[in-house]
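The following exercises ask the student to read a protein model step by step. Please examine the sequence and the structure before attempting each solution.

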Amino acid sequence: EDIRQKKRDELRKLSNTSKTKGKGKGNGNKDENESDDEEEFVVLNANKKSKNDICPLTLKKIKHPINNMLCSHSYEKEAIKNYKEYMIKQNKPRKCPQGGCTAFLFITC
C-alpha cells in the first residue's frame, strides 16, 4: 500500500511539473480546471530495463549467447543456428527473430 501511495505522489509531482512547463504556450484561453482532450501516457517502471538474457526463439535463459552484429539482440547459439538454417532452406530473408526488429541476421557461429 505504501508503494502505491509513493507512485501516486510521484505521478502528481510529474503531472504538476508538466502543467507548469506547459503554461505560456498557446493562446492562454484555457482554464486550469479544464481537462485536456489529449491522452497522457505514464511510465510506471521507468527504472526497469528489459532482460536481455531471454532468447526470443526458445523463451528460455540464454546459456551460450550469440549476438546479432547489426542490432545487438542476443540468442541461444543452437536456436539461432537452427533458425538461420531453416530460413536458408525456405529461401526466406534472414531477419532478426526479435519481435519488432527489422535488422538482418548477421551472426558468426
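Four exercises follow, each with a worked solution, and all concern a predicted model.

**Exercise 1. Describe the overall make-up of the protein chain.**

Step 1. The protein chain contains two helices and two strands.
Step 2. Read from the N terminus, these elements follow the order α-β-β-α.
Step 3. The chain has 109 residues, of which 17% count as buried.
Step 4. Its accessible surface is about 9,700 Å², and carbon and sulfur atoms contribute 49% of that area.
Step 5. Among contacts with a separation of 6 or more, 36% join residues 24 or more positions apart.

**Exercise 2. Test whether the length of helix α2 agrees with its number of residues, and determine where its buried residues lie.**

Step 1. Helix α2 covers residues 77-89, which makes 13 residues.
Step 2. At 1.5 Å a residue, the expected span is 18 Å; the end C-alpha atoms are 19 Å apart, which agrees.
Step 3. The buried residues in α2 are A79, I80, Y83 and M87. Seen down the helix axis, the buried residues fall within an arc of 90°, so they line one face of α2.
Step 4. The general rule behind such a pattern is that an α-helix has 3.6 residues a turn, so residues three or four places apart point the same way.
Step 5. The buried residues of α2 pack against β1 (65-67) and β2 (74-76).

**Exercise 3. Decide whether A103 is buried or exposed, and identify its contacts.**

Step 1. A103 belongs to the segment after α2.
Step 2. The relative accessibility of A103 is 16%; because the cut-off for buried is under 20%, A103 counts as buried.
Step 3. Apart from neighbours within four places in sequence, A103 is in contact with L70, C71, K95 and C96.
Step 4. M69 lies 34 residues from A103 along the chain, yet their C-alpha atoms are separated by 9.6 Å.

**Exercise 4. Examine the positive phi angles of L59, S72 and N91.**

Step 1. Recall the general expectation: most residues other than glycine have a negative phi.
Step 2. L59 is not a glycine, but its phi is positive, about 60°. L59 lies in the loop between α1 (2-22) and β1.
Step 3. With a relative accessibility of 64%, L59 counts as exposed, because the cut-off for exposed is over 50%.
Step 4. S72, likewise not a glycine, has a positive phi of about 70°. S72 is located in the loop between β1 and β2.
Step 5. N91, which follows α2, has a positive phi near 55°.

Terms used
Residues numbered from 1 in each chain as written. Predicted model: local features only at pLDDT ≥ 70, side-chain atom pairs only at ≥ 80, totals over all residues. Heavy atoms only, no water. Helix = DSSP H or I, 4+ residues; strand = E, 2+ residues; numbered from the N terminus. Expected span 1.5 Å × (residues − 1). Buried < 20%, exposed > 50% of the residue type's maximum accessible area, 1.4 Å probe, protein only. Arc of directions from axis to C-beta. Contact = heavy atoms within 4.5 Å. Areas by Shrake-Rupley, 256 points an atom, 1.4 Å probe, with all protein chains shown as cover.
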